[in-house]
Amino acid sequence: MTTTGETNTAPPTSRYRLAGHWREARPEQELKVLSPVDGSAVGSVHEFTVAEVDEVFAAARRARGAWAARPLTERTGLLHRFADLLAQNADPIARVLTMEIAKPCNDAKDEVVRSADYIRHTAEDALRLVGETQFSDAFPGQARNKLAIAHRVPVGTVLAIPPFNYPVNLAVSKIAPALATGNAVVLKPPSHGALSALMMCELAYQVGIPPTVLQAVTGRGSRIGDHLVTHAGVDLITFTGSSGTGTALARKAGMVPLLLELGGKDPAIVLDDADVEAAAADIVSGAFAYSGQRCTAVKRVLVTRVVADDLVAAIVRRTARLTVGDPRDNARITPLVDPEAAAEAERMTKDAEAAGAVVVHGGGREGNLMRPTVVDHVTEDMDLAWVEPFAPVLPVIRVGSAAEAVRLANRSEYGLQAAVFTCDIDMAIQLAARLDVGTVQVNGRTARGPDHFPFLGTKASGMGTQGVRPSIEAMTRVKSLVVNLREKDLGGRT
Ligand code: G3P
């Protein structure tokens, strides 16, 4: 897609930070960030070498002790200042974000503001992290002569790997809890989104977060990815991305704690008694926000035959209103970051059509700009029923009962979220109990936010729980101090 218009504000790329110090960038190690909007160069980042990655981890190891030793209120105070500066810079960062990942400009700004809010919430919640004490006599045969004091300590160095779709928000949701709890962080931003992530890091340094405590490593995953995830300097990996990459990472990482948020094929289950218009509104926004490039997008509709015609008509009516085009104009459907995702979505759509499904809206694409597409009468034998397209394609599967919807929902390899639309709360609760997913949304679209809610996936959708409190806990480990108590003569009666 070709567009013209205002130029973007990219961060300086003539130098890069290594182990806290500026280095001159060398052209042969420059990686251009090309915009999915128009193919223009948004900027470039340094391609780290394996030896430089080693320097980064060594610097993190040297820096983290002093960081962990600073009073918690100092660390969270810096995070509050970081959040304020990030919010003040929402516009320039959002402009770069829009060009880097073709995110609609208003959504890009929301992402930055939401990230500042996430940092503040984390800074507040980290102050309330408390341990627990236990006396020994709660266990059979034990006297009351031991006291265990379990408290939380930082894991050490956290490797944070966010994806391209929320390069700022899903970076801070890893960085903030790690820093608040006293860890050093090595951030590996995605290739698309690296410039926005680097801008964000510079703001952190401006408020006094040491550039050795938070370090960014840019470059192609194919070149340094394995070295990063297998590095002896890593104490925890927090990764958001595809299930394929997450599974490969888990195999390589070995005995390192993992926090993984991976793919999804979230169903929206619509039952006979649902408010069809309200369900359609949620489904369309859930399926097509950021052109379907959200792990939490509604990726299939399972609707009972009784209301299927009405629901599909309402979905199509609303989908037809979505604007398609340039993210700088805040179009709702914008060019996809991964051109292969567009080709794959088109292939799945065509295959489904050839096998008897009906494309009731959209279907076509121009390069990486895929029109919002609704495919009705999708059946179990089609890829579209099971494969996750990171694209604006919504399959509709008609079912005979709530039980069939549950069976199809659970047959998926994924288990991130599900939405259930019904006016019968008993039915909603019973259905939710049978759905093998991390979260069930009752009468609402699937979504991670608000960001302090627990966020997790079952099966191929992830490992561990995120949120604010769960992420804070995940970035720490329990350390138990056992005090052995000896009888003392107090020298008189009490
Ligand atoms: O897909 C990533 C996820 O973090 C997006 O957040 O709240 O829009 O589902 P949300």
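## Questions and Answers on a Predicted Model

Colleague: In this predicted model, does Glu388 count as buried or exposed?

Modeller: The relative accessibility of Glu388 is 18%. A residue is called buried when this value is under 20%. Glu388 therefore counts as buried.

Colleague: Where in the chain is Glu388 found?

Modeller: Two strands mark the position of Glu388: strand 17 (373-376) and strand 18 (393-399). Glu388 belongs to neither of these runs, but to the loop between strand 17 and strand 18.

Colleague: With which side chain does the side chain of Glu388 make a polar contact?

Modeller: The side chain of Glu388 reaches the backbone nitrogen of Gly264 at 3.3 Å, but that partner is a backbone atom. For a side-chain partner, one turns to the polar contact at 2.7 Å, which Glu388 makes with the side chain of Lys299.

Colleague: Is Lys299 buried or exposed?

Modeller: Lys299 is found in strand 13 (residues 298-304). Beyond its neighbours within four places in sequence, Lys299 is in contact with residues including Gly264, Asp266, Arg294, Glu388 and Phe390. Its relative accessibility is 2%, and so Lys299 counts as buried.

Colleague: Which domains does the domain assignment give, and how far apart are their centres?

Modeller: The assignment gives domain 1 (15-263 + 465-479) and domain 2 (267-445). Contacts join the two, with 20 residues of domain 1 touching 19 residues of domain 2. Taken over C-alpha atoms, the centres of domain 1 and domain 2 are separated by 32 Å.

Colleague: Where does the ligand lie with respect to domain 1 and domain 2?

Modeller: The residues that surround the ligand include Arg114, Tyr166, Arg294 and Cys295. Both domain 1 (15-263 + 465-479) and domain 2 (267-445) give residues to this shell. The ligand therefore lies between domain 1 and domain 2.

Colleague: How many residues of the shell around the ligand are charged?

Modeller: The shell consists of Arg114, Asn165, Tyr166, Leu170, Arg294, Cys295, Thr296, Ala447, Arg448 and Gly449. Four of these are nonpolar and three are polar. The number of charged residues is three.

Colleague: How much of the ligand's accessible area does the protein cover?

Modeller: An oxygen atom of the ligand lies 2.8 Å from a backbone N or O atom of Gly449. An oxygen atom of the ligand is also 2.9 Å from a backbone N or O atom of Cys295, and one is 3.3 Å from an N or O atom in the side chain of Tyr166. On its own the ligand has 310 Å² of accessible area, of which the protein covers 96%.

Colleague: Is the peptide bond from Gly449 to Pro450 cis or trans?

Modeller: Pro450 is found in the loop between strand 21 (439-442) and strand 22 (458-459). Omega for the bond from Gly449 to Pro450 is near -5°. The bond is cis.

Colleague: What is the phi of Tyr290?

Modeller: Tyr290 lies in the loop between helix 9 (276-288) and strand 13. It is buried, with a relative accessible area of 2%. Although Tyr290 is not a glycine, its phi is positive, at about 45°.

Colleague: Does Lys459 count as buried, partly exposed or exposed?

Modeller: Lys459 is found in strand 22, and its phi is near 50°, a positive value in a residue other than glycine. The class between buried and exposed runs from 20% to 50% relative accessible area. At 37% relative accessibility, Lys459 therefore counts as partly exposed.

Colleague: How far from Leu481 is Val420 in space?

Modeller: Val420 lies in strand 20 (residues 417-421) and is buried, with a relative accessible area of 0%. Among the residues in contact with Val420, beyond its neighbours within four places in sequence, are Ile269, Leu431 and Val442. Val420 and Leu481 are 61 residues apart in sequence, and from C-alpha to C-alpha their separation in space is 46 Å.

Colleague: In which helix does Trp67 lie?

Modeller: Trp67 is buried, with a relative accessible area of 2%. Leaving aside neighbours within four places in sequence, its contacts include Arg75, Leu179, Ile209 and Val213. Trp67 itself belongs to the run of residues 50-69, which is helix 1.

Note on methods:
Residues numbered from 1 in each chain as written. Predicted model: local features only at pLDDT ≥ 70, side-chain atom pairs only at ≥ 80, totals over all residues. Heavy atoms only, no water. Near = heavy atom within 4 Å. Polar contact = N/O pair within 3.5 Å; in protein donor to acceptor, adjacent residues only side chain to side chain. Areas by Shrake-Rupley, 256 points an atom, 1.4 Å probe, with all protein chains shown as cover. Nonpolar A, V, L, I, M, F, W, Y, C, P; charged D, E, K, R; others polar. Domains from an automatic or database assignment. Helix = DSSP H or I, 4+ residues; strand = E, 2+ residues; numbered from the N terminus. Buried < 20%, exposed > 50% of the residue type's maximum accessible area, 1.4 Å probe, protein only. Contact = heavy atoms within 4.5 Å.
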